[in-house]
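Dear colleague,

Please find below the sequence and structure that I am handing over to you. A summary of what was found follows directly after it.

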Amino acid sequence: MIIANDCVVAFHYTLTDEAGVEIDTSKGQEPLAYLHGHGGIIPGLERELTGKTVGDAMQVTVQPEDGYGELNAELIQAVPREAFQGVDQIEVGMQFQAQGAQGQVQTVVVKAVDDESVTVDANHPLAGQVLQFDVSIAEVRAASEEELSHGHVHGAGGHQH
């Protein structure tokens, strides 16, 4: 079966940055499963997998605009230290949940700390990065009616209800 919209695809991958540093991998785990054409993986990778089949292996380079987006400077801001009441020690790299402009919950990462403020970044950790994927297709099958109606894969490598 060829990868097309409404197929369930399971693939193994290793993700590295431009310098070749490994960011994530499925080695030693179940392959990642997703419903093709439903936004379950980044657009640049999904586009490159279209038309492939079981056993195909490839290397895919995904530019930021087809991955997690460009780095948005507006999502990096200094917040008064008082906003972190109840947190005794704030360090670079710590993550917090914050409320976005439209009321949504978002994760922010501490980038800098001084006596008056804490600089936080709400960008996705991979925003602005060129991503290198080494991919091998493990399974392609038609999605069930239930998977299509729910918009995601059920079972191994997918969502469990």
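Please note that this is a predicted model. I begin with a pair of strands, then turn to the sheet they belong to and to the pockets.

Strand β7 (residues 105-113) and strand β8 (residues 117-121) are paired in the antiparallel sense, with 4 bridges between them. Within this pairing, valine 110 faces valine 120 of β8.

β7 is also joined to β6, again running antiparallel, through 5 bridges. Here glutamine 97 lies opposite threonine 107 of β7. β6 and β7 make up a hairpin in which 5 residues separate the two strands. In the turn, glycine 103 adopts a positive phi of about 90°.

These pairings belong to an open sheet of 4 strands, arranged in the order β5-β8-β7-β6 with antiparallel pairing. The edges are taken by β5 (76-80) and β6 (95-99); each has a single partner strand, so one side of each is left without a neighbour in the sheet. From one strand to the next, the twist averages 45°.

The same four strands reappear in the largest pocket: β5, β6, β7 and β8 each contribute at least two residues to its lining. This pocket has a volume of about 290 Å³. Its lining comprises 19 residues, and those nearest the centre are Gln77, Ala98, Gln99, Gln106 and Val108. The edge strand β6 provides the largest share of the lining, with 4 residues. By character, the lining of the largest pocket consists of 10 nonpolar, 7 polar and 2 charged residues.

The second largest pocket holds about 210 Å³ of space. Phe11, Tyr13, Leu15, Asp24, Leu32, Gly40, Ile41, Ile42, Leu45, Tyr68, Leu126 and Phe133 form its lining. Strand β1 (residues 7-16) gives the most to this lining, namely 3 residues. The lining of the second largest pocket divides into 10 nonpolar residues, 1 polar residue and 1 charged residue.

When you inspect the model, you may wish to begin with the hairpin of β6 and β7 and then proceed to the largest pocket, to whose lining both of these strands supply at least two residues. The second largest pocket, with β1 as the greatest contributor to its lining, can be viewed afterwards.

With kind regards

Technical notes
Residues numbered from 1 in each chain as written. Predicted model: local features only at pLDDT ≥ 70, side-chain atom pairs only at ≥ 80, totals over all residues. Heavy atoms only, no water. Pairing = 2+ DSSP bridges. Axes fitted to C-alpha atoms, helices over the stretch in contact; angles between N-to-C directions. 1 Å grid on protein atoms, 1.4 Å probe; cavity = no way out; pocket = protein on both sides within 12 Å on 5 of 7 lines; lining within 4 Å. Points joined across faces, edges and corners; volume = space filled by probe spheres on them. Nonpolar A, V, L, I, M, F, W, Y, C, P; charged D, E, K, R; others polar.
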